[in-house]
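I opened a new notebook page for this structure. My interest was in aromatic rings and surface patches.

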Amino acid sequence: MFEWMAWTLPVAVFFICIALMLAGMTVWEIKSPTTLRRGFLPIETTRGDRLFIGLLSAAYVNLAFVGLSGKFAEWFQLDGDPSIWISFVVSMAVLALVMRKG
């Protein structure tokens, strides 16, 4: 099913995590409606706003890593491109930071 993709397992895990986050946020919103709050982001946001901003940030981190992975291999004299799992972990950390402190 995923043969046409370059990184089968990491991409599948990334999208499964997004689907689980959306389902979890829906249940959380039903159980406890959100209120506006202000964090390090320059606007007042709800949990859903922070999730959206965090997912966009995570996508940009992944895109930047994919675009620069050849350069990383060259700069750090690696035998091949670095693992995409690195960008997955970094993007999830960015998402967690935006959700928690944003």
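The entries below record what I looked up, in order.

Entry 1. I noted at the outset that I am working with a predicted model.

Entry 2. I searched the whole structure for aromatic pairs and found 4. I took the pair Phe65 and Phe72 and read a distance of 5.7 Å between the ring centres. Their planes meet at 50°, so I logged the pair as tilted; the tilted class runs between the 30 and 60 degree limits.

Entry 3. I then asked of Phe65: buried or exposed? Phe65 has a relative accessibility of 11% and therefore counts as buried, because the limit for buried is under 20%. For its partner Phe72 I read 21%, so Phe72 is partly exposed.

Entry 4. I turned to the pair of Trp85 and Phe88, whose ring centres lie 5.7 Å apart. The angle between the planes is 90°, and I entered this pair as edge-to-face.

Entry 5. Where do Trp85 and Phe88 lie? I found both in helix H3, which covers residues 84-101. They are 3 residues apart, about one turn of the helix. I looked up the cover of each: Trp85 has a relative accessible area of 34% and is partly exposed, whereas Phe88, at 13%, is buried.

Entry 6. I went back to Phe65 and Phe72 to see which aromatic cluster holds them. Phe65 and Phe72 form one aromatic cluster together with Trp75 and Phe76.

Entry 7. I checked for a charge over a ring. Arg47 lies over the face of Trp28, and I read 4.0 Å from the ring centre.

Entry 8. Which residues make the nonpolar surface patch of about 470 Å²? I listed Phe52, Leu56, Tyr60 and Leu63.

Entry 9. I followed Leu56 from that list. Leu56 lies in helix H2, residues 47-75. At 36% relative accessibility I put Leu56 down as partly exposed, because partly exposed lies between the limits of 20% and 50%. The value also fits the patch, because patch residues need over 30% relative accessible area.

Entry 10. Last, I looked at Leu56 against Leu95. These two residues are 39 apart along the chain, and I read 8.7 Å between their C-alpha atoms.

Note on methods:
Residues numbered from 1 in each chain as written. Predicted model: local features only at pLDDT ≥ 70, side-chain atom pairs only at ≥ 80, totals over all residues. Heavy atoms only, no water. Patch = residues over 30% accessible without salt bridge, like charges linked within 9 Å, V, L, I, M, F, W, Y side chains within 5 Å. Areas by Shrake-Rupley, 256 points an atom, 1.4 Å probe, with all protein chains shown as cover. Salt bridge = Lys/Arg side-chain N within 4 Å of Asp/Glu carboxyl O. Helix = DSSP H or I, 4+ residues; strand = E, 2+ residues; numbered from the N terminus. Buried < 20%, exposed > 50% of the residue type's maximum accessible area, 1.4 Å probe, protein only. Phe/Tyr/Trp six-rings, centres within 6.5 Å; stacked < 30°, edge-to-face > 60°. Lys NZ or Arg CZ within 6 Å of the ring centre and 35° of its normal.
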